[in-house]
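Thank you all for coming. I would like to walk you through one structure this morning, beginning with the overall fold and then going inward, so please keep the picture in view while I talk.

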Amino acid sequence: MTATDLAARALSQLVIIDVQEKLAAAMDQDAMAALARDCNILLQASRLLEVPAIVTEQYPKGLGNTISSLQDSLEHACRIEKTAFSCHAVPAFRAQLHADRPQLVLAGMEAHICVLQTALQLQQHGCQVIVVEDAVLSRNPANKANALLRLRQAGVIVSNTESVVFEWLGVAEGEAFKAISRMVK
């Protein structure tokens, strides 16, 4: 591990927002499968590279738990239940934020509600926010597009899954690089 690859991931935390059963059922199923794949890549890479992860669930009694295809990737993640749309409005979420990791990488659902409100509030509180475009989703694609436009206009960084994990990696060497390269193929 070099100083370069440590520095990028040493600043980051991953937040997977509300990728839950009943929300997933309302999504376009091809788009949902792609989101699940990308969220799994982000979660597995965060585990391999020791990037702390938080997974939120919006009112799980009504919307269900995190989808089953992500369950195996959640063992290292802190789980937070919430009813507020913005994760930042939840004290238990704020308690999990690391002051020495000011970069928050966001993925999940719905892009135009919980992801958007979380990103904007985190940014207002001094965090550098990166929204992973191919790992966010809304029931209506126009709502996702509108949310991403609003986020860009607000100065939030919009990136993609491969860019994030390879920035965390920093170098093309080692077992983590081999594992992550296999994941993204």
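Let me begin with the chain as a whole: a compact globule of 185 residues would have a radius of gyration near 16 Å, and the protein chain has 15 Å, which agrees; this radius is taken over C-alpha atoms, and the globule rule is 2.2 Å times the number of residues to the power 0.38. What you see is a predicted model, in which local features need pLDDT of at least 70 and side-chain atom pairs count only at pLDDT 80 or more, while totals for chains, interfaces and linings use all residues. Residues are numbered from 1 along each chain as its sequence is written, and side-chain values use heavy atoms, with hydrogens and water left out.

Along the principal axes, the C-alpha atoms of the protein chain fill a box of roughly 45 × 35 × 30 Å. The chain has 10 helices and 6 strands, where helices (H or I, at least four residues) and strands (E, at least two) are DSSP runs numbered from the N terminus. Of its 185 residues, 49% count as buried, and here buried means under 20% relative accessible area, exposed over 50%, and partly exposed in between, with a 1.4 Å probe and protein chains only.

Now to the interior. Which residues touch the most other members of the largest nonpolar core? They are Val19, Met32, Met109 and Trp168, in a core of 37 residues; a nonpolar core is a set of buried Ala, Val, Leu, Ile, Met, Phe, Trp, Tyr and Cys residues joined through side-chain atoms within 4.5 Å. Several elements each supply at least two residues of this core, including strand 1 (12–17), strand 4 (103–109) and helix 9 (161–169), but the largest share, 8 residues, comes from helix 3. Apart from this core lies another, of 24 residues, among them Cys87, Leu106, Leu116 and Val131.

Helix 3 deserves a closer look. It has 20 residues and reaches 28 Å from its first C-alpha to its last, close to the 28 Å expected at 1.5 Å a residue, the expected span being 1.5 Å times one less than the number of residues. Its buried residues include Met32, Leu35, Asn40 and Leu43. At the N-terminal end, Asp28 caps helix 3, with a side-chain oxygen 3.2 Å from the backbone nitrogen of Asp30, and after the helix comes Glu50, whose phi is positive, near 60 degrees.

Helix 3 also brings us to Ser73, which lies in the loop between helix 5 (68–71) and strand 3 (78–82). Ser73 counts as buried, at 5% relative accessibility, and, not counting residues up to four places away in sequence, Ser73 touches Asn40, Leu43 and Gln44, contact meaning heavy atoms within 4.5 Å. Gln71, in helix 5, is by contrast partly exposed, at 28% relative accessibility.

Finally, the cysteines. Why does the structure hold 0 disulfides, a disulfide being a pair of cysteine sulfur atoms within 2.5 Å? The sulfur of Cys114 is 6.7 Å from the closest cysteine sulfur, in Cys87, which is too far for a bond, and the sulfur of Cys127 is 12 Å from its closest, also in Cys87, again too far. Both are nonetheless buried, Cys114 with a relative accessible area of 5% and Cys127 with 17%.

Methods: Disulfide = S-S within 2.5 Å. Polar contact = N/O pair within 3.5 Å; in protein donor to acceptor, adjacent residues only side chain to side chain.
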